[in-house]
Amino acid sequence: GSGKALPKYTSTEISRHSTADDLWIIVKDKVYDVTDYVDVHLGGDAILNYAGADTTAAFFGPQHPFPKAQDMLDTFLIGELDKGAH
């Protein structure tokens, strides 16, 4: 990595980004803005079920081949989950 610290977001902040027009998800304590990906998501609107929430378990499901899914997800990384705050 670049060594640059990522901004931290609380779960409350992240939960406000929960629509198809403004969609953040959490995977393994990292925060991703996948708004631009919603329209091309192969699983369709299933991604909206996890909008603004932790989708780690779903992301690591059999429908997401590795490492392709992880590589794609990394392009949407915007920050880290602030586990000390809510």
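Two rings of Phe, Tyr or Trp (its six-membered ring) form an aromatic pair if their centres lie within 6.5 Å, and the pair counts as stacked with planes under 30 degrees apart, as edge-to-face over 60 and as tilted for the rest. With that criterion, a search of the whole structure finds three aromatic pairs, and two of them are set out here.

| Pair | Centre to centre | Angle between planes | Geometry |
|---|---|---|---|
| Tyr9 and Trp24 | 4.9 Å | 70 degrees | edge-to-face |
| Phe59 and Phe60 | 5.3 Å | 90 degrees | edge-to-face |

The structure is a predicted model, in which local features need pLDDT of at least 70 and side-chain atom pairs count only at pLDDT 80 or more, while totals for chains, interfaces and linings use all residues. Residues are numbered from 1 along each chain as its sequence is written, and side-chain values use heavy atoms, with hydrogens and water left out.

The pair of Tyr9 and Trp24 links distant parts of the chain, since Tyr9 lies in strand S1 (residues 8-9) and Trp24 in strand S3 (residues 22-27), 15 residues apart; strands here are DSSP runs (E, at least two residues) and helices likewise (H or I, at least four), numbered from the N terminus. Both Tyr9 and Trp24 are buried, where buried means under 20% relative accessible area, exposed over 50% and partly exposed in between (1.4 Å probe, protein chains only). Phe59 is buried as well, at 7%, whereas Phe60 is partly exposed, at 35%.

Thr35, in the loop between strand S4 (30-33) and helix H2 (56-59), is buried, with a relative accessible area of 18%.
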